[in-house]
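The following explanation leads the reader through a structure, beginning with a detail of strand pairing and ending with the contact between chains.

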Amino acid sequence: MPIRTEPITVNIGPQHPSTHGVFRMRVTFDGEMIIDVEPIFGYLHRGSEKLAEERTYTQVITLTDRLDYVSSMSNNLSYVLAVEKLSGIVPPERAMYLRVIVAELQRIVSHLVATGFFLNDVGALATPLMYCFREREKILDMFEMLCGARITLSFMRVGGIFQDAPSEFWEALTDFLEYMPGYIDEYERLITGNEILLSRTKDIGVLSSEQAINSSISGPILRASGVKWDLRKADPYDVYDRMEFEIPVGTVGDNYDRYLIRIAEMRESLKILQQCVNQIPDGPIRADTANLIRPPVGDAYGHVEGPKGELGFYLVSDGGISPYRCKIRSSSLINLTALKDMLVDTKLADMIVTFGSVDINMGEVDR
Amino acid sequence: MTSVLDAESLARKLNDFIPDVVEGHSEGDVWVKAESIADVCSQLKNDPETNMDYLVSVSAVDYIEYFEMVYHLRSISLNHGVVLKSKCWGREDIEVPSVTHIWQGADFQEREVYDLMGIHFNGHYNLKRLLLWEGFPGHPQRKDYLEDPR
């Protein structure tokens with residue numbers, strides 16, 4: 001006689017050490033297997049879109065810092081690109097290069113944090129995380145040289161950037177480009193071939209390319225599923241069209257591929273950084289624009305390939321000093337659409353690992 | 001570079017598919033009737049010439065007299081895109097067909113629009129509030145929403 005089991009519903013979060021913030025999900029188990037997942041959002045909702053309607057175009061930049069607070073530069077960039085598209089402002093060359101430099105540094109920071117916490121979730125408690133945070137610290141020091149802040153940077157401005165980079169930034173960046181490849185090799189030596197990691201991540205949380213496209217997935221998760229899509233190549237902004245780099249793609253779309261893609265992307269970011277350092281021209285860093293921007297009536301959608309995926313801003317202007325509507329296309333929220341597809345038919349113990357491999361940030365999910 | 005589809009020829013094509021579905025067009029934007037949104041979307045996805053396999057974002061804008069639904073569509077295989085818009089007149093009981101059966105990616109985005117703007121999506125399998133809690137009064141992204149009416 002078969003043993004009859006009752007499905008059990010378990011609540012996980014919002015206060016849970018491995019949900020990276022205040023994420024909550026209601027998971028239904030049949031024994032040890034997951035049969036249903038329902039994510040529940042809103043614990044960090046601050047109404048950023050509504051707040052943006054009451055601020056001037058420049059003031060909104062500070063709100064974008066607080067979306068995904070480990071990739072503030074990318075958020076700033078996406079927003080200022082949308083405003084520039086709306087108002088027809090073209091930033092000077094040097095500013096575009098500096099934007100690409102800081103955006104790529106930010107991508108490395110975000111991928112380091114993602115990798116560190118992912119390994120934390122796998123069970124390599126804290127040690128690999130501290131290795132990753134060692135280099136993150138160096139980049140945050142560089143950000144401090146640029147604008148005095150480390151996390152909420154507000155470095156970008158409509159039509160350029162806040163200020164030119166000081167000479168010590170260039171020294172720090174040159175040093176960084178020298179030692180960082182060695183550090184990435186170090187992570188790979190410690191982790192990539194590790195048998196425990198392989199058995200915990202290989203063929204777990206698989207997402208097919210059709211499912212990924214249909215669920216509007218973007219960023220490293222989409223590429224891990226084998227779709228060669230990167231907005232930096234497909235729809236280049238700033239000076240990405242002058243950069244030579246590869247788009248790493250995965251084959252299986254499992255947790256391990258997602259980890260490998262992030263490591264590979266860090267190496268590609270270093271290539272882009274080196275090219276920027278070689279090519280950057282002298283000149284002004286801000287277009288000649290008024291401080292109070294009044295874009296013409298209309299709408300525009302600006303997007304970047306952020307570290308976690310496509311981050312877009314849909315702005316509507318009524319000709320006034322603040323956006324009439326500021327819609328944020330959040331990559332973290334939309335990437336969670338496929339969480340159910342990844343989790344169903346895996347085991348309880350894999351749940352946190354798969355969730356960690358998606359790499360979300362609750363500040364951006366709830367906005 | 002992601003190219004933008006020519007709105008005029010696209011509008012002609014959509015009108016052939018569903019008569020008088022297009023209400024207007026301007027560079028890259030096509031306005032269609034709200035009740036036909038889902039049909040237009042599935043046509044755009046299944047037509048091999050447009051092949052809009054990727055839904056970038058679903059937004060709603062409150063223009064006081066009407067709400068405008070904005071769908072940013074993209075084809076990953078052909079690298080082009082188009083913006084589909086739709087005007088929904090009135091303030092109460094606004095209904096739009098859901099596109100979740102075409103793109104699963106619309107799931108959370110439509111729930112967010114419902115939550116913050118109060119637009120109902122017919123055919124969404126789980127239309128609940130996304131960010132706010134059940135029982136929250138009103139829809140705060142609307143222009144006439146006042147937290148503390150005086």
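In this predicted model, I12(A) faces M25(A), a residue of strand 2 of chain A. The two residues belong to a topic that is best followed strand by strand. Strand 1 of chain A is paired with strand 2 (residues 24–30) of chain A through five bridges, in the antiparallel sense. On the next pairing, strand 2 of chain A runs antiparallel to strand 3 of chain A, and seven bridges join them. Here R24(A) has I40(A) of strand 3 of chain A opposite it. The connection between strand 2 and strand 3 of chain A is a hairpin with two residues between the strands. In its turn, G31(A) adopts a positive phi of about 65°.

Taken together, these pairings give an open sheet of three strands in chain A, with the order 1-2-3 and antiparallel pairing. Its edges are strand 1 (8–12) and strand 3 (33–40) of chain A, each of which pairs on one side only. On average, and with direction ignored, neighbouring strands of the sheet are turned by 20° against each other.

The view may now widen to the whole chain. Chain A contains 15 helices and eight strands. Its radius of gyration is 21 Å, close to the 21 Å given by the globule rule for 367 residues, so chain A is as compact as a globular protein of that length. Along the principal axes, the C-alpha atoms of chain A fill a box of roughly 80 × 45 × 35 Å. Of the 367 residues in chain A, 50% are buried. Among the contacts in chain A with a separation of 6 or more, 71% are between residues 24 or more positions apart.

What remains is the contact between the two chains. How many residues does each chain bring to the contact? Chain A supplies 26 residues and chain B supplies 25 residues. On the side of chain A that touches chain B, the elements giving two or more residues are helix 1 (48–52), helix 8 (209–214), strand 7 (309–317), strand 8 (325–329) and helix 12 (331–335) of chain A. Both helices and strands of chain A are thus represented in this list. By residue class, the side of chain A that touches chain B comprises 11 nonpolar, eight polar and seven charged residues.

Conventions: Residues are numbered from 1 along each chain as its sequence is written. Chains are lettered from A and ligands numbered from 1 in the order in which they are written. This is a predicted model: local features need pLDDT of at least 70, side-chain atom pairs count only at pLDDT 80 or more; totals for chains, interfaces and linings use all residues. Two residues are in contact if their C-beta atoms, placed from the backbone, lie within 7 Å. Helices (H or I, at least four residues) and strands (E, at least two) are DSSP runs, numbered from the N terminus. Ala, Val, Leu, Ile, Met, Phe, Trp, Tyr, Cys and Pro count as nonpolar, Asp, Glu, Lys and Arg as charged, and the others, Gly among them, as polar. Two strands pair if DSSP finds at least two bridges between them. Axes are lines fitted to C-alpha atoms, for helices over the stretch in contact, and angles run from 0 to 180 degrees between N-to-C directions. The radius of gyration is taken over C-alpha atoms; the globule rule is 2.2 Å times the number of residues to the power 0.38. A residue is buried if 20 or more other C-beta atoms lie within 10 Å of its own, exposed if 12 or fewer, and partly exposed in between; C-beta atoms are placed from the backbone.
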